[in-house]
Amino acid sequence: MEELDLKEILSMFWEKKILIIIITVLCMIIGGVYSYFIMVPEYTATSTIVLTKTDEKTNTETGETTESITQTDVMLNQNLVATYSVIIKSNNILREVISNLENLKLSENSLRDSIEVTAKEDTEVIEINVTDINAKNATLIANEISEVFSRKVSEIYKINNVYVLDKAEVPTAPSNINHIRFILISAAVGIIISCGYVVIRNLFDNSI
């Protein structure tokens, strides 16, 4: 087995360019077929909630009641974001969601795995992402989780500080499939495989 310098390697690639192109194109075709016809599309629906607690204040002159958000409320909400993110995926919440959506025949473990809770950094905003092979089901579940969670927080903490900012909308495109990206990755894999094959074949070629 002999050592090769960069010039020899580039020369080998040029001599075997047809082989490299063929393997790369084959990999792209395989990747495209898998992406378009085999891969099961999944859809992600997102419901957004915001934590906001208001204090009621009465105007002594007019007698009218107004509401305002204090700095203490903001700090409290920021501290509760992490806690709320855990509560959303708790058994209590999930079981009520499953009961309310019994026609979907959800299981507790699969439902928990389909949920991703994201807390926006330095905000009181929480995103509830639900992924399902059915776009409408993902939307129903995301919105139901938001509603159930809002009621549970009121029961647990005796405060109403959860507001549904944006209800989930039915996604129109799969969240797990990007055809162009998948084909480009397949092309990169094809180039690596073909170039590796050419190098290894020449390293072990002892013919004169």
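Me: What relative accessible area makes Glu108 partly exposed?

Reply: Heads-up that this is a predicted model. Glu108 comes out at 22%. Buried needs a value under 20%, and exposed needs one over 50%. So 22% falls in between, and Glu108 is partly exposed.

Me: Why is the pair of Arg112 and Glu108 called a salt bridge?

Reply: The N to O distance between the two side chains is 3.6 Å. The cut-off is a Lys or Arg side-chain nitrogen within 4 Å of a carboxyl oxygen of Asp or Glu, so 3.6 Å qualifies. Both residues belong to helix H5 (residues 108-114), where four residues, about one turn of the helix, separate them.

Me: What makes Lys152 and Glu96 a salt bridge that links distant parts of the chain?

Reply: Their side chains meet at 3.3 Å, N to O. The two residues are 56 residues apart, with Lys152 in helix H6 (residues 135-157) and Glu96 in helix H4 (residues 91-100). With the limit at 4 Å, 3.3 Å is inside it, so the salt bridge label holds.

Me: How do you know whether Lys152 and Glu96 are buried or exposed?

Reply: They land in separate classes. Lys152 has a relative accessible area of 14%, under the 20% line, so Lys152 is buried. Glu96 has 22%, between 20% and 50%, which means that Glu96 is partly exposed.

Me: And Lys120: how do you know which partner and which exposure class to give it?

Reply: Glu127 is the partner, with the closest N and O atoms 3.6 Å apart. That is within 4 Å, so the pair counts as a salt bridge. Lys120 itself has 35% relative accessibility, which puts it in the partly exposed class. Elsewhere, Glu96, Arg151, Lys152 and Glu155 are tied into one network by salt bridges with shared partners. The structure holds six salt bridges. As background, side chains of opposite charge can pair when their charged atoms come close.

Me: Why is strand S1 called mostly covered?

Reply: Count the buried residues: seven of the nine in S1 (residues 43-51) are in that class, meaning under 20% relative accessible area.

Me: What makes S5 and S6 pairing partners of S1?

Reply: Pairing takes at least two bridges. S1 and S5 (residues 125-132) share eight, in the antiparallel sense, and S1 is joined to S6 (residues 162-166) by four, also antiparallel. Both counts clear the bar of two, so both pairs stand. If you want residues to click on, Ala45 sits opposite Val130 in S5. Val50 faces Tyr163 in S6 and Val125 in S5.

Me: How do you know that S4 pairs with S5?

Reply: Five antiparallel bridges join S4 (residues 115-119) to S5. At least two are needed, so five will do. Ile115 is opposite Val130 in S5. Five residues lie between the strands of this hairpin, and Asp122 has a positive phi near 60°.

Me: Why is Val130 called buried?

Reply: Its relative accessibility is 0%, and anything under 20% is buried, so Val130 qualifies. Val130 lies in strand S5. Apart from neighbours within four places in sequence, its contacts include Tyr43, Ala138, Ile141, Ala142 and Ile145. Glu116, 14 residues away in sequence, has its C-alpha 6.5 Å from that of Val130.

Me: What makes the link between Asn129 and Thr46 a polar contact?

Reply: The two side chains come to 2.6 Å, and the limit for N or O atoms is 3.5 Å. Asn129 is in strand S5 and, at 10% relative accessible area, is buried. Its contacts beyond four places in sequence include Thr44, Ser114 and Thr118.

Me: How do you know whether Asn143 is buried or exposed?

Reply: At 19%, Asn143 is under the 20% cut-off, so it goes down as buried. Asn143 is part of helix H6. Beyond four places in sequence, it touches Ser47, Lys167 and Ala168.

Me: What makes Ile29 eligible for the nonpolar surface patch?

Reply: Patch residues need over 30% relative accessible area and no salt bridge. Ile29, in helix H2 (residues 17-38), has 48%, so it clears the area limit. The patch covers about 1,100 Å², and its members include Ile29, Ile18, Leu26, Tyr34 and Phe37.

Key:
Residues numbered from 1 in each chain as written. Predicted model: local features only at pLDDT ≥ 70, side-chain atom pairs only at ≥ 80, totals over all residues. Heavy atoms only, no water. Buried < 20%, exposed > 50% of the residue type's maximum accessible area, 1.4 Å probe, protein only. Polar contact = N/O pair within 3.5 Å; in protein donor to acceptor, adjacent residues only side chain to side chain. Contact = heavy atoms within 4.5 Å. Patch = residues over 30% accessible without salt bridge, like charges linked within 9 Å, V, L, I, M, F, W, Y side chains within 5 Å. Areas by Shrake-Rupley, 256 points an atom, 1.4 Å probe, with all protein chains shown as cover.
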